[in-house]
Every structure is written in structure tokens, then in C-alpha cells.
Amino acid sequence: MRYWIILYIMLVNLLLSRHSKRHAAVMAASTTSTTSTTASATTGEYVSSLARLLQKRELSSKAALSAATNTLRQKYAPTSTSTLRHNSRAFVRPSFFHSSAVTASSSTPTKDTSTSFDFDYFVIGAGSGGIASARRAATYGAKVAVAEKARLGGTCVNVGCVPKKVMWNAASIAEVLHDMKHYGFSSSDKVTFDWPQLKSNRDKYIARLNGIYDRNLEASGVTKVVGAASLVGKNTVQITNPENGTTVTHTAKHILIATGGVPVFPNGDGIQEHCISSDGFFDLEELPRKAAVVGAGYIAVELAGVLQALGTETHLVVRKEGALRGFDDLLKSTLDEEMQRQGIEIHRNTNGMEKVELNPDGTKKVYLKNGEVLDGLDTVLVAPGRKPNVESLNLEQVGVQQKKGGYVEVNEYCETSVEGIYALGDVIGEIELTPTAIAAGRRLSDRLFLGVEGAKINYELVPTVVFSHPPIGTIGLTEEEAIKKFGQEHIKVYRSKFANLYYGAWQVEPDDKPKSAMKLVCAGKEEKVVGLHVIGMGADEMLQGTCLYAFDIVSSLSINLVLTTI
Ligand SMILES: Cc1cc2nc3c(=O)[nH]c(=O)nc-3n(C[C@H](O)[C@H](O)[C@H](O)COP(=O)(O)OP(=O)(O)OC[C@H]3O[C@@H](n4cnc5c(N)ncnc54)[C@H](O)[C@@H]3O)c2cc1C
């Protein structure tokens with residue numbers, strides 16, 4: 001079934017791309033801002049061909065098919081209120097057809113003489129959300145620019161998901177080497193690990209991705225502006241060149257703030273000087289011999305797991321009782337047991353760090369607020385959280401309101417307090433993940449440049465994976481949240497805890513085998529699933545599959561959810 005859904009999504013993409021292209025072409029031919037009925041007919045034509053194609057492949061769920069068709073009709077039929085101006089040079093096919101993208105951008109923006117603005121859309125930040133939104137807008141024919149002050153791709157590509165996953169893969173290989181003796185393989189002690197080689201390969205991969213992002217922006221017709229952008233007015237941005245300090249200003253009808261977040265360092269003597277953040281983790285030239293990871297969030301447990309698996313003596317320092325506050329108890333307790341089984345020493349109820357000193361031999365000494373002292377550390381990695389990257393944006397001056405923690409305040413449509421200025425992704429402090437930033441960015445462009453009224457994302461049910469060891473997959477309410485919401489008497493919980501068959505042949509005590517655990521939280525008489533929590537080998541892929549499957553079988557509304565994340 002999963003394959004049908006993937007095939008189905010690909011077909012929808014194919015048809016939408018054709019539709020967008022035709023739709024854009026129709027609008028480009030027209031000098032007015034309104035759309036013509038030809039475009040509507042085109043939509044209907046493609047929706048029908050979608051139906052025909054899917055039926056030919058005997059898609060079993062008719063309800064899914066009709067829901068998809070309706071969704072397409074409602075979402076992508078052009079509205080007569082669209083006010084988009086078009087420039088034909090930016091007509092490209094959507095991102096899923098990189099290879100056949102056709103148009104190149106100019107590196108210096110050309111003034112659109114038909115309007116008083118340089119651009120229809122100026123995006124600040126070429127990270128997950130910014131790039132996705134910019135390219136989607138360009139697909140619809142908007143004249144788009146993106147300003148980036150660092151490397152293209154943002155946090156995820158350069159110091160987040162991507163290098164993290166490479167390191168997680170390395171750690172997983174180390175675990176398999178450790179396990180191989182149970183399967184009759186020997187000589188694992190002859191295998192050596194070369195951190196600098198891994199780092200070099202990883203860095204090359206990321207450099208390649210930076211290049212791909214660059215080419216994709218160009219192919220989409222998006223103008224790239226190098227430098228740090230700040231707002232100087234409702235429709236004006238100023239970009240400072242990082243090399244020579246010169247500035248340039250651009251005007252745009254719509255401005256998007258997609259500047260992401262940066263790691264936070266706790267206060268305390270020597271902490272800023274002698275500790276590294278998750279960004280610094282990816283700069284490490286050597287595998288640390290002994291390290292402390294300070295933090296209780298997903299980044300802390302992920303990086304602690306990597307270090308321990310690769311051979312570092314790892315200490316995890318948490319302020320309270322354990323890591324992953326806010327996650328379901330079953331996940332927290334199972335991961336806690338597994339981290340200890342792997343040899344990670346967890347320092348609990350420390351209330352955080354007091355100060356850090358540098359020893360004469362270059363190692364560090366960490367004083368914790370509960371009186372504990374950790375000494376002889378090569379690396380102290382702090383990951384207490386992140387803050388929005390807004391410092392140089394001049395938000396106050398233009399009247400963009402911020403909320404607690406400095407995050408940009410937006411409504412459900414990513415609109416800030418200033419008309420024409422939008423924000424999304426980590427900078428708004430909702431769910432700080434790449435797919436949510438991407439989806440929000442695309443929905444915003446769907447709304448602004450294709451006229452899809454009501455296009456927005458829903459932050460309520462976001463499947464999430466933690467690349468701990470073992471991984472975690474989770475969606476929906478924790479048991480505690482469900483009880484609070486529905487009342488204890490309306491909640492039924494299904495639990496399972498077992499050793500994966502992978503560990504079956506291990507000649508160790510059953511209690512010493514790593515565990516998988518699952519929980520389904522159900523509400524009401526019908527036992528509607530309101531939370532699903534998995535930890536164990538394969539939990540990452542399992543959650544993905546389960547969500548797709550659930551979306552397919554539960555109702556036609558679920559298929560809409562799948563569509564709205566494309
Ligand atoms: C260690 C780590 C692991 C992670 N793992 C995952 C994961 O597995 N899965 C997942 O979904 N998410 C993960 N994330 C989170 C994910 O990286 C972010 O949620 C995502 O990158 C947010 O996208 P964004 O577009 O909001 O911002 P970003 O991707 O951070 O992009 C913002 C961009 O704006 C630029 N910028 C900032 N200010 C300016 C300015 N004034 N002018 C010009 N440019 C500017 C920045 O240089 C940056 O390139 C991880 C994060 C970290 C730190």
C-alpha cells in the first residue's frame with residue numbers, strides 16, 4: 001500500500017507540475033492580473049487524467065481517489081482574485097523535475113519595470129523553509145530573490161539533520177561491528193575507525209549539496225543575494241556584503257523571514273570559551289576521548305549516542321531526572337535504560353553547569369550546580385536549546401512583533417504584525433523541524449502566488465523521529481497529555497516491550513538484550529488512536545510507514561493531509 005501512496009504522490013506532483021506550467025503560461029500571456037477560464041479547464045483536464053491513471057493502476061481505495069481529485073480541484077483551480085504579476089523568465093517546472101528545469105537566473109537583479117518593486121518576493125535565509133518557499137514561488141512565475149549570509153541549505157544541510165544523519169550512520173556501523181560476533185563473524189577488533197576520513201567525506205558530501213542547492217535556485221529562476229539582510233522598511237531590505245561591508249537595498253512586495261535559529265550557550269564562567277555547541281560538533285577534527293554532552297533535548301541525546309557508539313567515554317548531563325522531557329514516559333524510560341546499557345553515564349538533577357575551567361593539559365573541568373565535578377574532558381558539548389536568529393534583522397524598527405524568547409510572532413498564515421512581511425520555520429518557534437519549515441514555505445507561496453486561499457500548515461500532528469540509539473518515532477499525544485485532554489476514564493493504552501529478533505541469537509541474558517517498546521494511546525469508545533510512540537531498531541522507518549498507512553486507511557481527510565505536505 002505504501003508504494004501505491006508514493007506512486008500516487010508522484011503522479012499528483014507530475015500533474016500539478018504540468019498544471020502549474022500551463023497555468024503560468026496562460027497567466028503570462030495575459031497582461032491583466034486575473035486568470036482565465038482556460039486555466040480552469042486545464043485543471044479539470046489534469047485532474048481527470050490523474051483519475052484515469054490511478055484507476056488504470058487499480059488503486060484499491062476509491063475513497064482516496066475521489067478525495068484526492070476533490071482536493072486538487074479545490075486547491076489548484078485558479079482563483080479569479082489572483083493578483084500575481086508574472087515574468088516569463090522564471091517559468092520552470094517544480095522541484096521534483098530538477099533535471100529538466102530550464103531557465104537560468106541573472107546574478108544581478110533586473111528591475112521589474114511593470115511594478116514599483118525590485119521583486120515580488122524577497123526571502124531572507126536560504127535554509128529549509130526559505131529555499132522551499134522561494135523555489136515554489138518562482139515556479140508560479142513570481143520574481144524572487146533569496147539572501148543568504150552563510151552556506152546555502154541552512155541548518156539542516158550544514159550543521160543539522162544531514163551531517164547528523166551521516167554521523168548516526170557511522171555510529172550504527174560501529175554498533176553492527178560490535179554485534180557481529182553474535183552472528184559468527186570475527187575480527188571486529190582489526191577494524192579501525194578514522195574520524196578525520198569520515199569528517200572529510202561528510203564535508204565533501206555537504207559541499208556537493210551546497211552546490212546542488214545553488215544550481216537548483218538558479219534553475220528555478222531565483223536570484224541569489226549573498227550577505228546578511230536586515231529590514232529597513234515594510235517593503236525594503238538591506239543586504240550587507242560580508243567581505244567588504246558594502247550594502248545594497250532591494251524592494252519587494254512580499255518579504256519572508258526564514259532565518260532559522262542558532263544554538264544557545266548557558267551563562268557561566270568559561271562556558272562560552274571552552275565549550276562547543278552542536279555547530280562545533282561538526283567541526284571536531286578528532287574523536288574525543290572523553291566528552292560531556294550537556295542538555296536533555298533530542299540534539300543532546302542524538303550526539304551523545306553517536307559519541308558513545310564511536311568510542312568516546314560519554315557523560316550526559318541533564319538538569320532534571322532524565323532526557324527528552326515532553327516525550328512519552330515509555331520512550332524516556334526505555335531510552336534512559338538503553339543509554340545506560342551502552343555505557344553513557346547520565347548525571348541527573350544537576351540543575352545545569354556552574355562554570356568550566358581549562359586544565360593545563362588542555363582538557364576541561366566542568367562544575368555542575370549540584371556540586372558534581374567532571375574532569376579530564378576533551379570536549380564539552382552544550383545543547384540546552386536554540387534561539388531565533390533575529391538579531392540583525394531590525395524587527396523592532398519596522399514593527400514586526402516578537403513573542404517570548406524573541407521568536408517572530410505570526411498568525412496561522414505566517415503573517416507577521418506588518419502587512420507583507422511573513423515568517424516561518426525555526427524563527428517562529430513552533431515545531432522546529434525541516435519538513436515543517438518546508439511545508440510552511442510551500443503553503444505560503446501557494447497562497448501568495450497561486451492564490452490558493454487558506455493554504456497553511458497544521459502543526460498538530462507532526463510525526464517526529466529522534467535519531468537516538470535506538471531511534472524513536474513518535475506522533476500525537478503522550479499518555480499524560482491524552483489523560484489531561486480526554487480524562488483518564490476515556491483513555492485506553494496498548495503497550496508492548498520486547499527484544500527485537502535481531503538480538504535472538506545473542507548469547508546473553510534476556511535482560512541484557514536491547515529493547516524495543518511501543519505504545520498506542522487511544523481515546524473514546526471507538527478507541528481512536530491519538531498517540532503512537534515507538535522506540536527500537538527501525539522505529540524511524542516504522543513511524544513513517546505507519547503514518548502513511550494510517551493516512552490512507554482512516555479516512556479521505558487523511559489523504560488530504562498527505563497532499564498538503566507535498
Ligand atoms: C544538530 C541538529 C540536528 C537536527 N536534526 C534534524 C532532523 O533530523 N530532522 C529535522 O527535521 N530537523 C532537524 N533539525 C532542525 C532543522 O535543521 C531546522 O528545523 C531547519 O533547518 C529549520 O529551517 P529554517 O528554514 O527555519 O532555518 P535554517 O535552515 O536554519 O535556515 C536559516 C538560514 O537563514 C540564514 N540567515 C539567518 N539570518 C540571516 C540574515 N540576516 N541574512 C541572510 N541570511 C540569514 C542562515 O544563515 C541560514 O542559512 C536539526 C537541527 C540541528 C541543530
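**Helix packing and sheet arrangement in the predicted model**

In this predicted model, helix α6 (residues 161–179) packs with helix α7 (residues 195–220) at an angle of about 145°, and their axes are 10 Å apart. The crossing of α6 past α7 is right-handed. On the α6 side the contact is formed by V162, P163, V166 and A170, while α7 contributes L198, R202, Y205, I206 and L209. Of the residues in this contact, 8 are nonpolar, none is polar and 1 is charged.

A second element of the architecture is an open sheet of 5 strands, in which the order is β17-β18-β21-β20-β19 and the pairing is antiparallel. Strands β17 (464–466) and β19 (491–499) each have a single partner strand and stand at the edges, so one side of each has no neighbour in the sheet. On average, and with direction ignored, neighbouring strands of this sheet are turned by 15° against each other. Within the sheet, strand β18 (residues 472–476) is joined to strand β21 (residues 528–535) by antiparallel pairing over 5 bridges. T474 is placed opposite H533 in β21. The sheet is also accompanied by a helix: α11 (residues 329–342) lies across β18, β19, β20 (515–523) and β21, and runs at about 5° to β21.

For the protein as a whole, the secondary structure consists of 16 helices and 21 strands. Of its 566 residues, 42% are buried. When contacts between residues at least 6 apart in sequence are considered, 66% of them join residues at least 24 apart.

Definitions and conventions
Residues numbered from 1 in each chain as written. Predicted model: local features only at pLDDT ≥ 70, side-chain atom pairs only at ≥ 80, totals over all residues. Axes fitted to C-alpha atoms, helices over the stretch in contact; angles between N-to-C directions. Helix = DSSP H or I, 4+ residues; strand = E, 2+ residues; numbered from the N terminus. Left-handed = near helix turned anticlockwise from the far one by under 90°. Contact = placed C-beta atoms within 7 Å. Nonpolar A, V, L, I, M, F, W, Y, C, P; charged D, E, K, R; others polar. Buried ≥ 20, exposed ≤ 12 C-beta atoms within 10 Å, placed from the backbone. Pairing = 2+ DSSP bridges.
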